[in-house]
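Q: Please take a close look at one strand in this model. What surrounds it, and what follows it along the chain?

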Amino acid sequence: MSKHILFTGGGSAGHVTVNAALIPFFIKQGWKVSYIGSKDGIENEIITEQFPEIPYHGISSGKLRRYFSWKNFSDPFKVMKGLMEAKGVIKKTKPDVIFSKGGFVSVPVVMAAKMSGIPTAIHESDFTPGLANKLAVPFATRIFTTFPETLNSMPADKSICAGAIIREELFSGDKAEGKRITGFYDNKPILMIMGGSLGSRKINEAVRKNLDELLKSYQIVHLCGKGNLDTSLEQKGYKQYEYVSTELPHFLDMTDFVISRAGSNSIFEFLALKKPMLLIPLSREASRGDQIINADSFVKQGIALKLEEEELSPETFKHNLDELERRSEEMILAMEKNKSSYTIEDMFNELSRLSK
């Protein structure tokens, strides 16, 4: 009988990306694959669209907040409900191993796995562990980190630095196909702007207020997030998308410079593809500050520039973009010296050994 791996993780695209990178390899190796996520989260949309052939099990998911909210009193009951639902799915499907990418939906799954005696691995992408993974650590069999420094806050006996897990399809992009899709045939360099799966109002505003000036020097692919398209701005050299999937490898292959948030999965993908990047991390007011720390690490290595969101304006945006272009060659040289991460096959072998 073939082995069975159950994936979990969600809440944002970053908590699904690594799972989506690993799933095809396990299927190719003859494993049965299934997924547990929230009933209405972005992971449901991504997984069911990309892998309609694998079973998707939706469970209740409560958010655990560091700040006061009346929902802090009701959400623990959602977590408990999710725990019972996850335990039911595990009992029914009998996986040999579970892989968790984090997000609050993963917490009851990892807890249920421990209660059911199923070996579980979690992967922490950020420099500092998120709250969901912190809660999951005691229940995990193995912990993989992206940054070596993260090992300092993890149990030494079950933690390994695997680096970033990069989707194989990103290396198969075709520059000519990207230009065909976008209609970019000028000799101007191509700039890709990404605000994350939900987009970024502040980044979108900075781009659009500078658009006429930017288009004098660049052709622009703008991934602006769901519901953030502005059709009044459509013109030659500027293409907007809420979110892309199959087109992304082609867009990245033709891209000369990237402006992005500083989510770990994305920035390590840009690093692997040797794309000079300007990072605009989420502010501490809007997050726990993990993106700022991620960006600082890349700046220290000479492979990125950082612009704080509080300092973001049309003027600072253009100034930093000019600086990015000026320093792009030295960034690429620094990227070429960077140590490689685990491959998809490396992670497959780790999880195969872990399976019961």
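A: Here is a walk around strand 11 and its surroundings, followed by two lysines with unusual backbone angles. The model is predicted.

Start with the strand itself. Strand 11 covers residues 257-260, and both of its faces are covered. In a regular strand, side chains alternate between the two faces of the sheet. Here Phe257 and Ile259 are on one side. Val258 and Ser260 are on the other. All four are buried, that is, under 20% relative accessible area.

Now the pairing. Strand 8, residues 190-194, runs parallel to strand 11, with four bridges between them. In this pairing, Met194 is opposite Ser260. Strand 11 also pairs with strand 12, residues 277-279. That pairing is parallel too, and has three bridges. Ile259 sits opposite Leu278 there.

Next, the connection. Helix 10, residues 264-272, comes with strand 11 and strand 12 in a β-α-β unit. The unit is right-handed.

The loop between helix 10 and strand 12 holds Lys274. Lys274 is not a glycine, yet its phi is positive, near 60°. Its relative accessibility is 31%, so Lys274 counts as partly exposed.

Lys94 also has a positive phi, about 55°, and is not a glycine either. Lys94 lies in another setting: the loop between helix 3 (71-93) and strand 4 (97-100). Its relative accessible area is 58%, so Lys94 is exposed; the cut-off for exposed is over 50%.

Key. Residues are numbered from 1 along each chain as its sequence is written. This is a predicted model: local features need pLDDT of at least 70, side-chain atom pairs count only at pLDDT 80 or more; totals for chains, interfaces and linings use all residues. Side-chain values use heavy atoms; hydrogens and water are left out. Buried means under 20% relative accessible area, exposed over 50%, partly exposed in between (1.4 Å probe, protein chains only). Helices (H or I, at least four residues) and strands (E, at least two) are DSSP runs, numbered from the N terminus. Two strands pair if DSSP finds at least two bridges between them. A crossover is right-handed if, with the strands pointing away from the viewer, the path from the first strand over the helix to the second runs clockwise.
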